Number of protein chains: 2
Amino acid sequence: MSVAKALTTEESITTRERILRESSHLFAARGYYGSSTRDIAKAVGIRQPSLFHHFPTKQAIFQELLSYSLDDSAAVAEYLARAGGSPAARLYRFLVEDFRYLMDSPYDLRSIFTSDVLLDDEFEPWGQTADDLYVAVADIIRQAIAAGEFIEIEVSFARQAVSGLMLETIRERSLGEELPAQRPTRTADFMLRALLADRSRLGEIAAEACAIEGLPAYRDTE
Amino acid sequence: MSVAKALTTEESITTRERILRESSHLFAARGYYGSSTRDIAKAVGIRQPSLFHHFPTKQAIFQELLSYSLDDSAAVAEYLARAGGSPAARLYRFLVEDFRYLMDSPYDLRSIFTSDVLLDDEFEPWGQTADDLYVAVADIIRQAIAAGEFIEIEVSFARQAVSGLMLETIRERSLGEELPAQRPTRTADFMLRALLADRSRLGEIAAEACAIEGLPAYRDTE
DNA sequence: GTCTATATTCGGATAGAC
DNA sequence: GTCTATCCGAATATAGAC
């Protein structure tokens with residue numbers, strides 16, 4: 001019954017949504033410029049000009065994927081940067097939330113993070129959003145160092161380590177097999193182990209992270 | 001005097017080498033398919049058809065960059081996977097060596113690691129080399145867990161964390177400013193802090209890592 | 001070793017029928 | 001909402017002069 005339901009759900013996906021999903025996989029595999037509108041159309045099962053009924057340009061497809069992957073993450077990071085309580089717990093919560101969102105997404109978002117294109121003028125607004133996200137994460141790390149929860153470490157370096165782990169997770173997911181459900185917490189554990197001044201607080205911090213409330217919701221597909 | 005020397009050195013770079021350097025930057029910024037041979041030629045300061053005097057195809061340029069970034073790293077990782085002594089120290093040494101190589105390289109090797117293209121048939125041999133590299137690193141990690149030096153952690157996850165950090169370092173370097181000279185050891189420290197069962201052994205392990213001898217040499221440019 | 005000129009294929013996007 | 005047919009610019013690569 002649940003299989004039948006799943007199939008029904010699959011079949012009710014709109015063409016527009018299928019374009020987004022197939023595009024994300026092609027962009028991830030061959031880059032934005034390496035994926036032609038003909039490739040996308042073929043993957044979706046329509047002819048090339050039919051794409052332009054759903055999106056005005058190829059750019060618009062990519063922009064929608066960018067917006068999906070960045071807007072909500074940035075909102076969550078900025079919320080957590082301003083929230084109270086343990087900064088370490090807030091970083092932990094961000095990692096768990098963001099990984100889960102990326103893991104469960106039907107899109108393969110590698111091309112956004114590897115960002116062949118993010119520097120281009122056409123996509124500049126999202127370069128800005130990506131910056132906001134980075135600044136918010138760096139801010140949480142700075143707070144954790146100031147509070148003595150993290151070791152003395154260069155903030156930009158720690159922030160980059162976070163990005164590196166995220167990117168690698170997205171990449172792995174797109175290589176095929178499903179990632180285990182514990183992956184988000186495991187990744188957050190890993191990160192915190194490297195950063196905490198007192199490793200034995202990890203359990204306590206994870207518990208506090210779970211209790212944080214009021215986060216902005218992530219967008220659904222469809 | 002040393003500045004004059006440096007300038008002389010700069011000016012003695014061959015056209016072929018300049019093609020490799022400019023290509024690597026373009027590939028990193030806009031992807032392999034997003035960078036035309038016209039773009040490359042313009043960056044080098046010659047006309048587009050002149051490229052084909054130095055490389056038979058555009059593919060061949062990318063393949064040379066692939067070979068540069070993967071062959072020696074894989075050789076070093078495989079040597080260290082078979083070497084004796086502390087596995088943790090061997091992983092540490094690999095991280096330091098590989099980061100230094102990537103940091104000091106005149107090429108921007110992001111496009112190789114983000115690998116839009118590595119899955120393509122045309123570049124299949126280097127997909128294999130990348131696999132060899134990953135297997136060797138995973139093997140060192142496995143040895144360290146078995147020896148009780150590392151916490152019980154999923155090997156593939158730890159290996160991915162290594163890749164993520166590497167990628168992020170390459171990316172950062174290419175965004176502009178020079179990275180500090182301590183970056184390789186700092187990165188290795190970070191990684192080991194997350195992995196070690198007993199964090200206090202870090203100093204001792206770094207010292208043993210420095211003492212490892214007989215590593216295959218990395219290639220020079222020109 | 002670099003140039004001009006050009007062959008040829010493939011890219012994004014539009015017009016208009018159904 | 002999808003199709004066929006088509007425009008037009010840009011892509012890789014070659015030929016042959018200097």
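## Contacts with the DNA

A polar contact is a pair of N or O atoms within 3.5 Å. In this predicted model, such a pair joins Gln48(B) to DNA strand D: a polar side-chain atom of Gln48(B) lies 2.9 Å from a base nitrogen of the strand. Two further residues of chain B reach phosphate oxygens of DNA strand D. A polar side-chain atom of Thr37(B) is placed 2.6 Å from a phosphate oxygen, and a backbone N or O atom of Lys58(B) lies 3.0 Å from a phosphate oxygen. Two elements each give two or more residues to the surface near DNA strand D, namely helix H4 (51–54) of chain A and helix H3 (37–44) of chain B.

In total, 16 residues are found around DNA strand D, and those that come nearest are Arg47(A), Ser50(A), His54(A), Thr37(B) and Arg38(B). The residues of this surface comprise four nonpolar, nine polar and three charged ones. Where DNA strand D has atoms within 4 Å of the protein, 58% of those atoms belong to sugar or phosphate, and the rest belong to bases.

## The other DNA strand

DNA strand C is likewise surrounded by 16 residues, of which Thr37(A), Gln48(A), Arg47(B), Ser50(B) and His54(B) are the closest. The surface near DNA strand C is made of four nonpolar, nine polar and three charged residues. Among the atoms of DNA strand C within 4 Å of the protein, sugar or phosphate accounts for 56% and bases for the rest.

Which part of DNA strand C does the side chain of Gln48(A) approach? A polar side-chain atom of Gln48(A) lies 2.8 Å from a base nitrogen of the strand. Phosphate oxygens of DNA strand C are approached through the backbone of two other residues of chain A. For Thr37(A), a backbone N or O atom lies 2.6 Å from a phosphate oxygen; for Lys58(A), a polar backbone atom is 3.0 Å from a phosphate oxygen.

## The interface between the protein chains

Chain A and chain B also meet one another: 38 residues of chain A are in contact with 37 residues of chain B. About 3500 Å² of area is buried between the two chains, and carbon and sulfur atoms give 52% of it. On the side of chain A, Phe157(A), Phe190(A) and Arg199(A) lose the most area to chain B, together 19% of what that side buries.

Across this interface there are 14 residue pairs in polar contact and two salt bridges. One salt bridge links Arg186(A) with Glu154(B), whose closest N and O atoms are 2.6 Å apart. Four helices of chain A each give two or more residues to the side that touches chain B: H2 (15–30), H7 (110–114), H9 (155–174) and H10 (183–195). Of these, H9(A) gives the most, with eleven residues. The residues on this side of chain A divide into 18 nonpolar, eight polar and twelve charged.

## Relation between the two copies

Two copies of a chain are related by a rotation about an axis and a shift along it. Here, a turn of 180° and a shift of 0.0 Å along the axis lay chain A on chain B with an RMSD of 0.0 Å. This is the relation of a two-fold axis.

Why can it be said that the copies meet through the same surface? Of the interface residues of chain A, 97% are also interface residues in chain B, so the copies use the same surface to meet.

## A salt bridge within chain A

Over all chains, the structure holds 20 salt bridges. One of them is formed by Arg16(A) and Glu64(A), with the closest N and O atoms 2.8 Å apart. Arg16(A) lies in helix H2 of chain A and Glu64(A) in helix H5 (residues 58–82) of chain A, so this pair ties together parts that are 48 residues apart in sequence.

Definitions and conventions: Residues are numbered from 1 along each chain as its sequence is written. Chains are lettered from A and ligands numbered from 1 in the order in which they are written. This is a predicted model: local features need pLDDT of at least 70, side-chain atom pairs count only at pLDDT 80 or more; totals for chains, interfaces and linings use all residues. Side-chain values use heavy atoms; hydrogens and water are left out. A residue is near a molecule or strand if one of its heavy atoms lies within 4 Å of it. A polar contact is a pair of N or O atoms within 3.5 Å; within protein, one must be able to donate a hydrogen and the other to accept it, and residues adjacent in sequence count only if both atoms are side-chain atoms. Ala, Val, Leu, Ile, Met, Phe, Trp, Tyr, Cys and Pro count as nonpolar, Asp, Glu, Lys and Arg as charged, and the others, Gly among them, as polar. Contact means heavy atoms within 4.5 Å. Buried area is the accessible area (1.4 Å probe) that two parts lose on being put together, summed over both. A salt bridge is a side-chain nitrogen of Lys or Arg within 4 Å of a carboxyl oxygen of Asp or Glu. Copies are superposed by least squares on the C-alpha atoms of residues with pLDDT of at least 70 in both.
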